[in-house]
Amino acid sequence: MSDYAFYYWSVPFRGQFVRAILAYAGKTWTEADDATIIKLMSGPVKDMPVPFMGPPFLIDNNNDFAIAEMPAIVLYLGETLDMMPATPALRAMTMKTVNDANDVIDELTLDGGREMWTEKRWRGFTPRLRKWMELWEETGRRHGLNSETGYLLGGEVPGIADIVTATLWSTLADRFQNIAVLLEEAAPRTSALSRRVSDLPALAELAASARKDYGDAYCGGEIGNSMKKVLNA
């Protein structure tokens with residue numbers, strides 16, 4: 001039996017953060033298909049492994065525990081896999097990074113496709129995206145990150161904040177050239193960190209599998225098509 005069962009759509013997006021942590025930790029997991037997720041979502045709440053409105057959710061098979069919502073899943077994995085920093089301050093900063101990443105992808109998908117991207121809308125949003133990148137850059141600067149060594153919140157090995165950072169920016173940069181260029185301009189330390197962490201064998205293998213399984217998809221639906229059309233123009 002695998003260590004975990006993971007439920008998320010067959011795209012990277014929000015689920016890729018959880019996959020990256022599991023891969024880095026050397027854990028095994030199975031993934032449900034989209035039809036299974038839809039069936040659970042549309043069924044009675046009492047039949048759900050954990051009450052949830054939408055994926056991701058994770059089942060820890062070894063501890064018979066299920067948890068939903070990406071930041072909550074990341075916190076659970078960080079604590080149970082001993083990947084969180086030692087001090088309360090750095091643990092709080094770790095979860096701030098996780099929640100910031102969650103906010104970034106919500107904004108990049110215009111709140112899950114509430115609207116579609118146009119060239120005008122993208123031009124108006126670019127300064128805000130640059131500011132998000134600068135937040136990461138300043139966080140790293142304050143904790144000793146430089147362009148060649150170090151991690152976002154210090155430490156001698158990558159932590160949850162580094163894995164989430166690398167997954168966020170490397171997945172986006174790999175699929176959207178405009179974001180790759182902006183990241184290198186606005187946050188070169190963050191860009192370098194993302195490459196270094198993403199090049200670790202377990203995460204590089206995960207990225208290759210994502211390319212094989214999902215192609216150039218980032219998220220699904222019309223908003224995914226809108227992002228491809230406008231962000232790569």
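Two strands count as paired if DSSP finds at least two bridges between them. Helices (H or I, at least four residues) and strands (E, at least two) are DSSP runs, numbered from the N terminus. The model is predicted: local features need pLDDT of at least 70, side-chain atom pairs count only at pLDDT 80 or more, and totals for chains, interfaces and linings use all residues. Residues are numbered from 1 along each chain as its sequence is written, and side-chain values use heavy atoms, with hydrogens and water left out.

**View 1. The hairpin of β3 and β4.** Strands β3 (residues 57–60) and β4 (residues 65–68) form an antiparallel pair with four bridges. D60 is opposite F65 of β4. Four residues separate the strands, and D64 has a positive phi near 50°.

**View 2. Surroundings of D60 in strand β3**. D60 is buried (under 20% relative accessible area, 1.4 Å probe, protein chains only). D60 has no salt bridge (side-chain nitrogen of Lys or Arg within 4 Å of a carboxyl oxygen of Asp or Glu). The nearest side chain of opposite charge is that of K27, 8.5 Å away. A polar atom of the D60 side chain lies 3.1 Å from the backbone nitrogen of N62. Leaving aside residues up to four places away in sequence, D60 touches D3, Y4, F65 and Y76 (heavy atoms within 4.5 Å).

**View 3. The two sides of helix α11 (residues 221–231)**. Buried here are I223, G224, S226, M227, V230 and L231. These residues lie on the same side of α11 because they cover an arc of only 160° around the axis, taken from the directions from the helix axis to the C-beta atoms. G221, E222, N225 and K229, on the other side, are exposed (over 50%). The cover over the buried residues includes α4 (88–108), α5 (110–113), α6 (119–142) and α8 (177–186).

Definitions and conventions:
Lys and Arg count as positive and Asp and Glu as negative; His and the chain ends are not counted. A polar contact is a pair of N or O atoms within 3.5 Å; within protein, one must be able to donate a hydrogen and the other to accept it, and residues adjacent in sequence count only if both atoms are side-chain atoms.
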